Amino acid sequence: MIEKMTAGDVIYLTTAASVRFLRPIFVRVIRELPERHTYHSWVWIEGYQLNAAGDAVARRELYVMRAGVRMQALPARGRRRLVRVG
């Protein structure tokens, strides 16, 4: 179980964290929101949802079970081609 998530951590959320994540997502943590009162072992986090390339696509506040949160390395980025314009 993760004791505390810090800014920059990348986590993987599945149904183990909440039934909301039937489709698992990657999230880059901005911060935990300890001022929000929750049930024991649940936590509010603020973060950026990441796409398959590891780019932030949405800022979200999420309510998750701490024991279901998995630390994860950033998704592998594909090679990007440089395109000359002009």
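In this predicted model, the largest nonpolar core has 14 residues, and the members that touch the most others are Met5, Ile11, Leu13, Phe21, Leu62, Val64 and Val69. Four elements put two or more residues each into this core: strand S1 (10-13), strand S2 (25-32), strand S3 (42-50) and strand S4 (56-65). The largest share comes from S2, which chips in three residues. Phe21, one of the well-connected members, makes contact with Leu13, Thr14, Thr15, Leu62 and Val64 once its neighbours within four places in sequence are set aside. Leu13, Leu62 and Val64 also turn up among the core residues that touch the most other members.

As for how the strands are laid out, five of them make an open sheet, running in the order S4-S3-S2-S1-S5 with antiparallel pairing. S4 sits at one edge and strand S5 (70-71) at the other, each pairing on one side only. Within the sheet, S2 and S3 run antiparallel and are joined by six bridges. Across from arginine 28 stands tyrosine 48, a residue of S3.

Then there is alanine 17, which belongs to the loop between S1 and S2. Loop residue or not, alanine 17 has a relative accessible area of 0%, so it counts as buried, the cut-off being under 20%. Leaving out residues up to four places away in sequence, alanine 17 touches Trp42, Val64, Met65, Gly68 and Val69. Two of these, Val64 and Val69, are again on the list of core residues that touch the most other members. Alanine 17 and arginine 70 lie 53 residues apart along the chain, yet their C-alpha atoms are separated by 8.6 Å.

Aspartate 9 is a different story, starting with its place in the segment before S1. This residue is buried but has no salt bridge. The nearest side chain of opposite charge belongs to arginine 66 and is 8.8 Å away, whereas a salt bridge needs a side-chain nitrogen within 4 Å of a carboxyl oxygen. What the side chain of aspartate 9 does reach is the backbone nitrogen of threonine 6, at 2.9 Å. Not counting residues up to four places away in sequence, aspartate 9 touches Lys4, Val27, Arg28, Val29 and Met71. One of these, Arg28, is the residue that stands opposite tyrosine 48 in S3.

Key
Residues numbered from 1 in each chain as written. Predicted model: local features only at pLDDT ≥ 70, side-chain atom pairs only at ≥ 80, totals over all residues. Heavy atoms only, no water. Core = buried A, V, L, I, M, F, W, Y, C linked by side-chain atoms within 4.5 Å. Buried < 20%, exposed > 50% of the residue type's maximum accessible area, 1.4 Å probe, protein only. Contact = heavy atoms within 4.5 Å. Lys, Arg positive; Asp, Glu negative; His and termini not counted. Polar contact = N/O pair within 3.5 Å; in protein donor to acceptor, adjacent residues only side chain to side chain. Pairing = 2+ DSSP bridges.
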